[in-house]
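The following exercises concern the sheet and the helix packing of one protein chain. Each task is followed by a solution in steps.

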Amino acid sequence: MASRREFLRDVAAIGALGLSGCASVPHAESDPVKLPERDEIVIRNAFVMTMDQKTGDLPDADVHLRNGAIVAVGRNLRAGGALVIDGHGMLVLPGFVETHWHMWNALLRSMSGDKREYGYFPTALALGRAYLPSDMYQGTRLAAAEALNGGITFVHDWCHNIRSPQYAEEDLRALRESGIRARFSYGAAQGHPADRTIDLADLERLARHWAANSNEGLLSLGLAWRGVSTGASGSVSASAYRQDFDAARRLGIPISVHANNRKGSDAIALLAREKYLGKDVQVIHATWVSQEEIRALAEYGDPVSVSPYTELRIGFGFPPTGEFLEAGIPLGLSVDTTALSGNADMFAIMKAIQNVENGRAQSEFKLTARRVLELATIEGARSMGVADRVGSLEPGKRADLIMLNTRDLNLAVFSDPAHMLVEAAQPANVDTVMVDGRVLKREGKLTALDAGQVAREARAALSAVRQRAGWW
Ligand SMILES: [Zn+2]
């Protein structure tokens, strides 16, 4: 009988060669992941940053949670019967709110190459076309696991590779099984014809039966709109983008669109002219934006999402964070794609936002760490329309929070906690993560997802996708 080691070697070889066809396609294990129960919990004696302007920071305070909601925040709370988590040496704050991320292509981590033909767009197109529905599951589950591990409790899953209804189903299944809070935005497939609408019947079906997908209200639905920009398959025809947009408005779901990421682009001006702006239309990037366009965004109330690491890496330029904030535009921070950014580290994203803005302004004092932390929490939540539920630690809100261990070397010595979070903290410092009162990371380890299994299956899925795409 072959030894276990030989067996594993053979399995690896088959996976690498992609020889076994369907049998080698990694399917998710069939038992659905059971999410942890929502215990009644009290976190004792932590440094609590509520991100609620009225309450501010509370050194040596408690947070009491029950049935997935925050019951109280304060000193010496009475919480008899609640499970006690020791908060000594811990920073407690709301979970991070991420505002635009192509989670499906997390399998393509760091795959944007060094030549034009291997850049992000051709890579996402070629490999996206080779995806099976199960690869959507694998990519999105990997992204959700990385998000939770790094303290991101809300994601905007901008799903633009829905090649059939099953692709959306598999993507949603990954979100549900991870326990994360998310907006799932339904988009076109990679390479979708520019003169055709998305599958509007499928979008409508999902919207009408959303309760089956919402994971008890954790997930909501939106439209990942191609808009008026030029994509890999050319400019989307006006008839197609109009029908997609109108369908979302009819269904009452929010819309999100990439715009103005290249010098000379005036897509936002066009959106304003054609009456496509509004509070329900999130605009992504807008790195090249005129004064009139900023005024239009502010006037119509459009939130904006910036993703410094992809904007810098791909050459979209510098996010005009200061201009958006000065105009009062709701602003959120985003990962966009780990094919370009490499990782989904919200601490690094915050640091980049502050450093780029201060560098542009040639000022040490332009953008404060506290303001950046707001963008990653309460302000990001406002920009996604979920600030009534998450983004700050207040009684009545849902219990989405994180705990960071300040005893780790890179956080040791306690100075200004907002500065520490933006400048010094890393995902490895995230000790505990809760979403809707469920503990999804504890003492540095994911609880609902098996990190080893997620990584192993994602690796096998990418290997098969590359094989099918002939992309090495
Ligand atoms: Zn994007």
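The exercises treat model confidence, then the sheet, then three helix pairs.

**Exercise 1. Confidence**

Determine the mean pLDDT of the chain and the share of residues that reach 70 or more.

Solution. The structure is a predicted model. Its mean pLDDT is 93, with 92% of the residues at 70 or more. Over residues 1-30, however, pLDDT stays under 50, and for this stretch the model has 26 contacts beyond four places in sequence.

**Exercise 2. The sheet**

State the order of the strands in the open sheet, and explain why one side of strand S6 and of strand S15 is without a neighbour.

Solution. Step 1: the open sheet consists of eight strands in the order S6-S7-S8-S9-S12-S13-S14-S15, with parallel pairing. Step 2: S6 (96-97) and S15 (331-333) occupy the edges and each has a single partner strand, so one side of each lacks a neighbour in the sheet. Step 3: within the sheet, strand S9 (residues 219-225) runs parallel to strand S12 (residues 255-259), and three bridges join them. Ala224 has Ser256 in S12 as its bridge partner.

Which strands does helix H4 touch? Helix H4 (residues 165-178) packs on the sheet against S7 (152-159), S8 (181-186) and S9, and its direction makes about 170° with that of S8. Helix H5 (residues 200-208) also packs on the sheet, where it touches S8 and S9; the direction of H5 makes about 160° with that of S9.

**Exercise 3. Helices H3 and H4**

Classify the mutual orientation of H3 and H4 and describe their contact.

Solution. Step 1: two packed helices are described by the angle between their axes and the distance between the axes. Step 2: helix H3 (residues 133-149) packs with H4 at about 30°, the axes being 8 Å apart. Step 3: angles under 35 degrees count as roughly parallel, and H3 and H4 are therefore roughly parallel to each other. Their crossing is right-handed. Step 4: the contact involves residues of H3 including Tyr137, Arg141 and Leu148, and residues of H4 including Tyr167, Glu170 and Arg173. By class, this contact of H3 with H4 has eight nonpolar, four polar and five charged residues.

**Exercise 4. Helices H3 and H16**

Describe how H3 and H16 cross, and list the residues that make the contact.

Solution. Step 1: the axes of H3 and helix H16 (residues 451-469) come within 9 Å and cross at roughly 140°. Step 2: this angle makes H3 oblique to H16. The crossing of H3 and H16 is left-handed. Step 3: H3 contributes Asp135, Gln138, Arg141, Leu142 and Ala145, while H16 contributes Gln453, Val454, Glu457, Ala458, Ala461, Val465 and Arg468. The contact of H3 with H16 comprises six nonpolar, two polar and four charged residues.

**Exercise 5. Helices H12 and H13**

Establish the crossing geometry of H12 and H13 and the classes of the residues in their contact.

Solution. Step 1: helix H12 (residues 346-361) and helix H13 (residues 369-376) have axes that come within 10 Å and cross at roughly 130°. Step 2: H12 and H13 are therefore oblique to each other, and their crossing is right-handed. Step 3: Met346, Met350, Ile353 and Gln354 in H12 meet Ala369, Val372, Leu373, Leu375 and Ala376 in H13. The contact of H12 with H13 has eight nonpolar residues, one polar and no charged.

Definitions and conventions:
Residues are numbered from 1 along each chain as its sequence is written. This is a predicted model: local features need pLDDT of at least 70, side-chain atom pairs count only at pLDDT 80 or more; totals for chains, interfaces and linings use all residues. Side-chain values use heavy atoms; hydrogens and water are left out. Two strands pair if DSSP finds at least two bridges between them. Helices (H or I, at least four residues) and strands (E, at least two) are DSSP runs, numbered from the N terminus. Contact means heavy atoms within 4.5 Å. Axes are lines fitted to C-alpha atoms, for helices over the stretch in contact, and angles run from 0 to 180 degrees between N-to-C directions. Angles under 35 degrees count as roughly parallel, over 145 as roughly antiparallel, 65 to 115 as roughly perpendicular and the rest as oblique. A crossing is left-handed if the near helix is turned anticlockwise from the far one by less than a right angle, and right-handed if clockwise. Ala, Val, Leu, Ile, Met, Phe, Trp, Tyr, Cys and Pro count as nonpolar, Asp, Glu, Lys and Arg as charged, and the others, Gly among them, as polar. pLDDT is the predictor's confidence in each residue, from 0 to 100.
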